[in-house]
Amino acid sequence: MAPEGFDIIIDDASHIGELTRIAFWHLFDNHLKPGGLYVIEDRGTGYWDDWPDGKSISLSRPAVSRLQGRLLSWLGVIATKRHLKILSSLFHFSKTPFHCHGYGMVGFVKELVDEQGAADLTRARFDETPKRQSRFESVLITPFIVFVREAVT
Amino acid sequence: MMSGWLLVRNDAENGRLGRAIEEALLSGGPDGKLSASTGIESFSHLDFHVACDIGT
């Protein structure tokens with residue numbers, strides 16, 4: 001069956017993040033053709049309290065003063081890389097992670113986002129050479145479905 | 001003429017997507033040109049799967 005691998009794999013099975021993750025990496029690494037498409041259904045279950053590994057959370061932004069908020073809005077529009085040092089010293093946000101949902105399928109999809117960024121993920125600095133490129137050509141995230149295209153190497 | 005291999009992982013009890021694809025393949029699809037040249041295999045012990053070589 002599929003001696004050169006599958007062209008398309010669709011996962012509409014458990015919608016449990018860890019199970020979907022295990023299936024994804026096994027099938028992606030061993031049974032998807034280079035350039036093939038892997039489709040993951042119903043990524044939004046991770047946002048639901050009544051799903052086994054889902055959880056609803058508030059994504060409201062950390063409180064900032066009204067003045068800071070206005071300043072950030074303005075700077076966000078005009079700031080470029082040249083202003084990084086000034087901005088970092090003013091707001092101390094350069095090492096602060098975003099408040100981010102990571103449960104169930106949602107957390108797994110964010111792992112895929114990290115893999116898509118493997119070239120930057122595998123170097124600690126801009127001037128270092130990436131240790132490897134992403135195994136993905138692209139990841140398309142829609143409201144319900146995620147499409148992962150395998151890279152052709 | 002296009003063809004390719006498709007694998008669908010689907011829930012065994014509520015495998016609507018897999019069943020819909022299987023029915024489409026068996027009926028030839030909307031324009032009657034769809035076919036599964038190798039037949040459709042299911043693996044119910046692993047949840048409902050469809051694996052087949054599709055041609056149009």
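Biologist: Why is A:His15 called buried?

Modeller: In this predicted model, A:His15 has 23 other C-beta atoms within 10 Å. The cut-off for buried is 20 or more. The count of 23 meets that cut-off, so A:His15 is buried.

Biologist: Where does A:His15 lie?

Modeller: In the loop between β1 and α1 of chain A. Its phi is near 60°, a positive value in a residue other than glycine. Most residues other than glycine have a negative phi.

Biologist: What makes A:Asp42 partly exposed?

Modeller: A:Asp42 has 17 other C-beta atoms within 10 Å. Buried needs 20 or more, and exposed needs 12 or fewer. The value of 17 falls in between, so A:Asp42 is partly exposed. A:Asp42 sits in the loop between β2 (32-40) and α2 (66-78) of chain A. Phi of A:Asp42 is also positive, near 55°.

Biologist: Why is A:Phe108 called buried?

Modeller: Around A:Phe108 there are 23 other C-beta atoms within 10 Å. Buried begins at 20, so A:Phe108 qualifies. A:Phe108 is found in helix α4 (residues 104-116) of chain A.

Biologist: Which residues does A:Phe108 touch, leaving out those up to four places away in sequence?

Modeller: A:Gly17, A:Thr20 and A:Arg21. A:Thr20 is 88 residues from A:Phe108 in sequence, but 8.0 Å away in space, C-alpha to C-alpha.

Biologist: How can 8.0 Å between A:Phe108 and A:Thr20 go with a contact?

Modeller: The 8.0 Å runs C-alpha to C-alpha. Contact is judged on C-beta atoms, which must lie within 7 Å. A:Phe108 and A:Thr20 are listed as touching, so their C-beta atoms meet that cut-off.

Biologist: How do the axes of helix α1 (residues 17-31) of chain A and α4(A) lie?

Modeller: They come within 7 Å and cross at roughly 35°. A:Gly17, A:Thr20 and A:Arg21 of α1(A) make the contact with α4(A), whose residues there include A:Met105, A:Phe108 and A:Glu111. By class, this contact has two nonpolar, four polar and two charged residues.

Biologist: How do you know that β1 (residues 6-12) of chain A pairs with β1(B)?

Modeller: Five bridges join these strands. Pairing needs at least two bridges, so β1(A) and β1(B) pair. They run parallel. The bridge partner of A:Ile8 in β1(B) is B:Leu6.

Biologist: How many residues are in contact between chain B and chain A?

Modeller: 12 residues of chain B are in contact with 11 residues of chain A. Strand β1 (residues 3-10) of chain B gives the most to the chain B side, with seven residues. That side has six nonpolar, two polar and four charged residues.

Technical notes: Residues are numbered from 1 along each chain as its sequence is written. Chains are lettered from A and ligands numbered from 1 in the order in which they are written. This is a predicted model: local features need pLDDT of at least 70, side-chain atom pairs count only at pLDDT 80 or more; totals for chains, interfaces and linings use all residues. Two residues are in contact if their C-beta atoms, placed from the backbone, lie within 7 Å. Helices (H or I, at least four residues) and strands (E, at least two) are DSSP runs, numbered from the N terminus. Ala, Val, Leu, Ile, Met, Phe, Trp, Tyr, Cys and Pro count as nonpolar, Asp, Glu, Lys and Arg as charged, and the others, Gly among them, as polar. Axes are lines fitted to C-alpha atoms, for helices over the stretch in contact, and angles run from 0 to 180 degrees between N-to-C directions.
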